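Trainee: May I ask for a close look at one part of this protein, taken slowly, with each term explained as it comes up?

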Amino acid sequence: MRALLVLLFGLCLSLPATAARLVSTLSNETVEITSSFDGERMTFFGNIAPDAGAEQRYVEGPFHVVVVILGPTQDRVAREKTHNFGIWLNTDQVTFRRFPSYFHVLSSTRLGDITTLTTLTDNLILPESYAMAPNASGLVKTLTFGRELIRLMTQEQLFGVQESGVNFLSDTFYSAQLTLPSNAPPGPYIAQTYVFKNGEIIARKSEGFAVRKIGFERFLAQSATQFPLLYGLACVALALFTGWLGGVIFKR
């Protein structure tokens, strides 16, 4: 009998955290960039509910929510400049494959109080997670260059962490706000929301939105990528014409 009780107790400890379902949405599915674009405020909100088919009618917390906003990925090169003989030269570099052009984290409290560093890293919740990706340059060098790249992108407001960016309006209903900067790169974005309880992820959900240029800005962007030669020739011709016109005006 005692052995049976011990076995049952061990099984209870091994059971996963209570499953939950996240019902969430966001305020904008499309952010349009125009000539007067100076940023866009977005709101992410949702409710934590029992999993589909669960017998309980409500879920018990306390919960923590983390929202990770990930922009379009691209290859980025981090270069080191050194001062040689009075000239600044690029002497070393590391290439990061599929590095996010925008990355922002919103959380209900300090990330270290929500879960372990391993969980944060494995789920790519920390910005430094992308600096730890396998790279032919070696771990130490990749980490050094990756942290500097993240620091520079943080200064440009393209990377960031707000550890009080998620507010609970009730025990299960939350809201988070994010202001996209004016230099937000166009392309597809993903908002990945994680619900934590007792340090474990019990629910997650992904939602997408797009940042795109419209009007004349979109025409210029498409021309530069789809017809680079014609775009370059047009820029040279415009520069020559502007210089000639300026000379004529000031000559008078």
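Trainee: Is D75 buried, partly exposed or exposed, and what is its relative accessible area?

Mentor: D75 has a relative accessible area of 46%, and it is therefore partly exposed, where buried means under 20%, exposed over 50% and partly exposed in between (1.4 Å probe, protein chains only). This is a predicted model, in which local features need pLDDT of at least 70 and side-chain atom pairs 80 or more, while totals for chains, interfaces and linings use all residues. Residues are numbered from 1 along each chain as its sequence is written, and side-chain values use heavy atoms, without hydrogens or water.

We can now turn to the partner of D75. The side chain of D75 meets that of R97 in a salt bridge, with 3.0 Å from N to O; the term stands for a side-chain nitrogen of Lys or Arg within 4 Å of a carboxyl oxygen of Asp or Glu. This pair joins distant parts of the chain, since D75 sits in strand β5, which covers residues 73-84, and R97 sits in strand β6, which covers residues 87-100, with the two positions 22 residues apart. Such elements are DSSP runs, numbered from the N terminus (helices H or I, at least four residues; strands E, at least two). R97 has a relative accessibility of 61%, so it counts as exposed, whereas D75, as you have just seen, is partly exposed.

The structure holds six salt bridges, and another one starts from strand β6 as well. Here the side chains of D92 and K141 come together, at 2.8 Å from N to O. Because D92 belongs to strand β6 and K141 to helix α4, which runs over residues 139-155, this salt bridge ties together parts that are 49 residues apart in sequence. If you look at how open the two partners are, D92 has a relative accessibility of 28% and so counts as partly exposed, and K141, with a relative accessible area of 28%, is partly exposed too.

K141 leads us into α4, where a further salt bridge can be found. R151 forms it with E148, and the closest N and O atoms of the two are 2.8 Å apart. Both R151 and E148 lie within α4, with a separation of three residues, or about one turn of the helix. R151 reaches 38% relative accessibility and therefore counts as partly exposed, while E148, at 39%, is also partly exposed.

It is worth following the rest of this helix before you leave it. From its first C-alpha to its last, α4 spans 24 Å, and it has 17 residues. Some of these residues are buried, namely T142, L143, F145, G146, L149, I150 and M153, in contrast to K141, which is partly exposed. Just after the helix, Q157 takes a positive phi of about 65 degrees.

To gather the picture, you can trace a path along the chain: D75 in strand β5 meets R97 in strand β6, D92 in strand β6 meets K141 in helix α4, and E148 meets R151 within α4.

Conventions. Expected span 1.5 Å × (residues − 1).
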